[in-house]
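User: Hi! I have a structure here and would like to talk through its charged contacts, its core and its surface. Could you help me?

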Amino acid sequence: MQLVFDNLPFLLKGAGYTLLLTIVSMLFGLIIGLVVAIARLKGNPPIRWIARFYVSIIRGTPLLVQIVIIYYGLVDYGVTLGSLTAAYIALSINAGAYLSETFRGAILSVPKGQLEAAYSTGMTPWQAMRRIVLPQAMRIAIPPMGNTFIGMLKETSLVSVITVSELLRQAQLLIAQYYQYMPFYLGIGVMYWIMSTGLAFILERFERRLAKAY
């Protein structure tokens, strides 16, 4: 394990990229997921069909395939993306599909009486959604959103196939230099565990504070 400690700054740089990928992808995934969830619930038939098709395609194919299609496949059509940009796009699109189902379930779990009461006060459907339904739905959605967040942290390792310098890629570069596998793989395993545990702790605290607020 001495090799891991000697090269810790190099691995920490990769861990920083891993966290950056996770946070940025989740932020865009939240926006995509919310838009898609509302489209499936409130959109006209063509919009609903497009949203349903998007979710089906993304959830029905491996994330690794989505990454290589965006990075390598689009080149055939004259679209060349940087590895980091491709990683952001692929991870955001993937997270958006899963989060849309989380939001859709949370919105549907809000009692219909809440909407009827909002309509009786003269609110439009969009006002009722924004002021009444979404605040309650977000509180319900937080636990599964946290699971998606932690899952995304671990799935960022897949973008190493397009040479993004996240944690796994940094470990692979060190392995190529020192020809030793176990120390580096164990080391990054511990680092992933620490980051996952830290995120779980933060999300749990946030969930408790939100529960008290309501």
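User: How far apart are the closest N and O atoms in the salt bridge that E101 forms with R104?

Analyst: Happy to help! This is a predicted model, where local features need pLDDT of at least 70, side-chain atom pairs count only at pLDDT 80 or more, and totals for chains, interfaces and linings use all residues. Residues are numbered from 1 along each chain as its sequence is written, and side-chain values use heavy atoms, with hydrogens and water left out. A salt bridge here is a side-chain nitrogen of Lys or Arg within 4 Å of a carboxyl oxygen of Asp or Glu. E101 and R104 sit 3 residues apart in helix 5, about one turn of the helix, and their closest N and O atoms are separated by 3.2 Å.

User: Which residues are joined into one network by salt bridges that share partners?

Analyst: Helices here are DSSP runs (H or I, at least four residues), numbered from the N terminus. E101 also pairs with R40 at 2.5 Å, N to O; R40 lies in helix 2 and E101 in helix 5, so this pair ties together parts 61 residues apart in sequence. E101 forms another salt bridge with R59, at 3.5 Å between the closest N and O atoms. Through shared partners, the network consists of R40, R59, E101 and R104.

User: Is R40 buried or exposed?

Analyst: The cut-offs are under 20% relative accessible area for buried, over 50% for exposed, and partly exposed in between (1.4 Å probe, protein chains only). R40 has 15% relative accessibility, so R40 counts as buried.

User: Which helix supplies the largest share of the largest nonpolar core?

Analyst: A nonpolar core is a set of buried Ala, Val, Leu, Ile, Met, Phe, Trp, Tyr and Cys residues joined through side-chain atoms within 4.5 Å. The largest one has 51 residues, and L11, V159, I162 and L167 have the most contacts inside it. Its largest share is 11 residues, and they come from helix 7.

User: About how much accessible area does the nonpolar surface patch with I23 have together?

Analyst: Such a patch takes residues with over 30% relative accessible area and no salt bridge, joining nonpolar side chains (Val, Leu, Ile, Met, Phe, Trp, Tyr) within 5 Å and like charges within 9 Å. Areas come from the Shrake-Rupley method with a 1.4 Å probe, and for residues only the protein chains shown count as cover. I23, in helix 2, is partly exposed at 43% relative accessibility. Together, L19, I23, L27, F28, I31 and V35 have an accessible area of about 560 Å².

Definitions and conventions:
Helices (H or I, at least four residues) and strands (E, at least two) are DSSP runs, numbered from the N terminus.
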